[in-house]
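Colleague: I am new to this structure and would like a close look at one part of it. Could you pick a helix and the strands beside it, and walk me through what surrounds them?

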Amino acid sequence: MPLTAFDHVNIRTRHLDAMIAWYGDVLGLHAGDRPDFPFPGAWLYLGDTAVVHLIAVTEATAPGPTLTLEHFAFRAQGHAAFVTKLKDNGVPFRESRVPDGSITQINIHDPDGNHIHVDFRSDEAD
């Protein structure tokens, strides 16, 4: 069974409202329908697909070691507009290229420190 698509990333957060706002303001995701789980959270959508699932946790509900996530990534178009948006919102970023030069990555971090890169075709970023 080969993989066919990215489905979602699930992130535990102590800052649910800030995370919802950040993913909306910076990445253009929007909160939408979520099953009635017995714990607080939000599903953030890219179009009709819930790509980021947030689960609200507290010290009491998240004991033990902190789970970490190296990064997750989105493909995108509109490199210049995205860089402008980051600058306008005061979001620090680092730009890099994959070794073969085909993809330009904009590396950012959400309010909880999770690493995200947004990938653009390098010919768009030149």
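Modeller: Happy to! Let's start with helix H2, residues 79-88, which lies across S6, S8 and strand S7 (103-109) and runs at about 20° to S7. Please keep in mind that this is a predicted model.

The strands under discussion belong to an open sheet of four strands, in the order S5-S8-S7-S6, with mixed pairing. Its edge strands are strand S5 (72-75) and strand S6 (94-97), each of which pairs on one side only. On average, neighbouring strands of this sheet are turned by 25° against each other, direction ignored.

Now follow the sheet from its S5 edge. S5 and strand S8 (residues 115-121) run parallel and are joined by four bridges. For one residue to look at, try Phe74: its bridge partner in S8 is Val118.

While you are in strand S8, look for Arg121, which has its place there. Is Arg121 buried, partly exposed or exposed? Its relative accessibility is 47%, and a residue counts as exposed only over 50% and as buried under 20%, so Arg121 is partly exposed. Arg121 also makes a nice example of how the fold brings residues together: Arg97 is 24 residues away in sequence, yet the two C-alpha atoms are 9.7 Å apart in space.

To see where this part belongs, step back to the whole chain. It has three helices and eight strands, and along the sequence they follow the pattern β-α-β-β-β-β-α-β-β-β-α. Of its 126 residues, 36% count as buried. Among contacts with a separation of 6 or more, 51% are between residues 24 or more positions apart. The chain exposes about 7900 Å², and carbon and sulfur atoms supply 55% of that area.

Another helix is worth a visit too: H1, residues 16-27. Its 12 residues, at 1.5 Å a residue, should span 16 Å, and the end C-alpha atoms are indeed 16 Å apart, so the two values agree. Which residues of H1 are buried? They are Leu16, Met19, Trp22, Tyr23, Val26 and Leu27. These residues cover an arc of only 125° around the axis, which means that they sit on the same side of H1. An α-helix has 3.6 residues a turn, so residues three or four places apart point the same way. Just after H1 comes Gly28, with a positive phi near 75°.

How values were computed:
Residues are numbered from 1 along each chain as its sequence is written. This is a predicted model: local features need pLDDT of at least 70, side-chain atom pairs count only at pLDDT 80 or more; totals for chains, interfaces and linings use all residues. Side-chain values use heavy atoms; hydrogens and water are left out. Helices (H or I, at least four residues) and strands (E, at least two) are DSSP runs, numbered from the N terminus. Buried means under 20% relative accessible area, exposed over 50%, partly exposed in between (1.4 Å probe, protein chains only). Contact means heavy atoms within 4.5 Å. Accessible areas come from the Shrake-Rupley method with a 1.4 Å probe; for residues, only the protein chains shown count as cover. The expected span of a helix is 1.5 Å times one less than its number of residues. The arc is that of the directions from the helix axis to the C-beta atoms. Two strands pair if DSSP finds at least two bridges between them. Axes are lines fitted to C-alpha atoms, for helices over the stretch in contact, and angles run from 0 to 180 degrees between N-to-C directions.
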